[in-house]
Each structure stands twice: as C-alpha cells, then as structure tokens.
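Let's walk through this structure together, one packing contact at a time. Keep the viewer open as you read.

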Amino acid sequence: MKTALITGSARGIGRACALRLARDGWRLALHYHRSAGPAAALCAELRERGCDAEVFQADVASPSEVYALRDAVSRFGQPSLLVCNAGIAEQQLFTDITEEQWQRMLAVNLSGVFYCCQAFLPAMIARKHGCIVNVSSIWGLQGASCEVHYSAAKAGVIGLTRALAQEVGP
C-alpha cells in the first residue's frame with residue numbers, strides 16, 4: 001500500500017490533500033504541530049471511510065523532532081509521497097517585524113521543508129522511488145505587502161524545490 005506523509009494536515013490545504021489521497025487509496029501519516037484536535041478528528045473521519053491513517057506530532061522547525069517524526073512514520077509505513085505543507089503566516093509591517101518573528105517564519109516555512117526533505121529523501125533515493133511536493137505561495141513569486149518575511153520564506157521554498165528537483169529528479 002502507498003504511504004503518504006502530509007505535514008500540516010489538520011486543516012486547510014493539508015486537510016484537502018489528505019481527503020483526496022484517502023479517496024485514491026493511500027495510507028496516510030497525518031502530521032500536526034499544535035492542532036491535535038482537528039488532526040485527530042480528520043484521522044477518525046478518514047478511518048470511518050476505510051483509510052489507514054495515523055496522527056503524528058512534531059515541530060518541523062526542529063531537526064530533532066523531524067528526525068523523530070521520520071522514525072515514527074517509518075514504523076507506520078515508509079512514505080513514497082511527502083507533502084511539505086506545514087506553515088505559518090502573519091501580516092506585519094516590514095519595519096515592525098522582530099528578529100524572533102523573522103526567525104520563526106523562516107524556521108517553519110523554509111527550514112521545515114529542508115529538514116523534512118533531508119529526513120525522508122534518503123529512503124526514497126535508496127528505493128529509487130518517491131515524490132516530494134513542497135507547498136509554497138504566489139507570494140513567493142511576487143511578494144506581498146505586510147508579508148515580507150512570509151514572502152521571503154516561500155520564495156526560498158520555490159528555490160529549494162527547483163534546485164532539489166534538478167539534483168535528485170534524474
């Protein structure tokens with residue numbers, strides 16, 4: 001059975017991905033950071049529909065938590081699909097962005113993608129099979145007023161994804 005890990009799957013785009021993949025017969029590793037209730041509800045809903053699903057908690061901004069997530073998910077099923085969707089957003093005037101806000105935005109939205117790809121890609125390479133989908137934003141292409149730190153992080157995801165595809169796509 002095909003296994004997918006979707007980060008940030010408790011709501012929004014991640015939830016929609018989970019519902020679609022479940023309909024297509026995937027086993028789902030549902031990741032959340034703080035949304036335990038919505039993640040558990042989604043898992044229960046999917047199980048009622050006959051989907052094999054489990055819930056996993058981690059902060060994708062923490063390398064050690066991502067590697068622990070990899071180990072836990074791998075015991076459930078080795079993912080052949082990784083959807084890096086976890087992210088945060090915040091509107092703030094550029095002149096009001098604190099160093100802490102800047103660092104957290106990059107840590108979750110860009111470094112989180114890096115850590116997840118780095119943790120799960122080696123097994124895909126070893127199997128010569130796998131797919132990674134990194135979710136970014138239109139703001140990563142054109143920027144958004146009052147979202148400089150978000151736009152910068154999402155632009156980084158686009159660059160990371162393009163470069164990684166060139167490196168490991170073949």
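Contact here means heavy atoms within 4.5 Å. Do keep in mind, too, that this is a predicted model.

With that cut-off in hand, start at arginine 27, which sits in strand β2, residues 27-32. If you set aside the neighbours within four places in sequence, arginine 27 touches Met1, Lys2, Thr3, Ala4, Asp52, Phe76 and Gly77. For a sense of scale, try drawing a line from arginine 27 to valine 113: the two are 86 residues apart in sequence and 21 Å apart in space, C-alpha to C-alpha.

Valine 113 brings us to helix α4, since this residue is one of those that α4 brings to its contact with α6. Helix α4 spans residues 99-127, 29 residues in total. From its first C-alpha to its last it reaches 41 Å, close to the 42 Å expected at 1.5 Å a residue. Still, α4 has a bend of about 40° at serine 111. Just after α4 comes lysine 128, with a positive phi of about 55°.

Now for the helix pairs. Two packed helices are described by the angle between their axes and the distance between the axes. Take α4 with helix α6 (residues 148-168): the axes are 8 Å apart and the angle is about 15°. Angles under 35 degrees count as roughly parallel, so α4 and α6 are roughly parallel to each other. The crossing is right-handed. On the α4 side, the contact includes Trp102, Met105, Leu106, Phe114 and Ile125, while α6 contributes residues including Tyr150, Ala153, Val157, Leu160 and Leu164. By class, the residues of this contact are 16 nonpolar, four polar and one charged.

Which residues of α4 meet helix α3? They are Tyr115, Cys116, Gln118, Ala119 and Phe120, and their partners in α3 are Pro63, Val66, Tyr67, Leu69, Arg70 and Val73. This contact between α3 and α4 has nine nonpolar, one polar and one charged residues. Helix α3 covers residues 63-76, and its axis comes within 9 Å of the α4 axis, crossing at roughly 40°. The two helices are therefore oblique to each other. Here, too, α3 passes α4 in a right-handed crossing.

The last pair is helix α1 (residues 12-23) with helix α2 (residues 36-48). Their axes come within 11 Å and cross at roughly 15°, so α1 and α2 are roughly parallel to each other. This crossing is right-handed. Arg15, Ala18, Leu19 and Ala22 of α1 make the contact with Leu42, Glu45 and Leu46 of α2. Sorted by class, the α1 and α2 residues in this contact are five nonpolar, no polar and two charged.

Terms used
Residues numbered from 1 in each chain as written. Predicted model: local features only at pLDDT ≥ 70, side-chain atom pairs only at ≥ 80, totals over all residues. Heavy atoms only, no water. Helix = DSSP H or I, 4+ residues; strand = E, 2+ residues; numbered from the N terminus. Expected span 1.5 Å × (residues − 1). Bend = angle between axes of the 7 residues up to and from the residue. Axes fitted to C-alpha atoms, helices over the stretch in contact; angles between N-to-C directions. Parallel < 35°, antiparallel > 145°, perpendicular 65-115°, else oblique. Left-handed = near helix turned anticlockwise from the far one by under 90°. Nonpolar A, V, L, I, M, F, W, Y, C, P; charged D, E, K, R; others polar.
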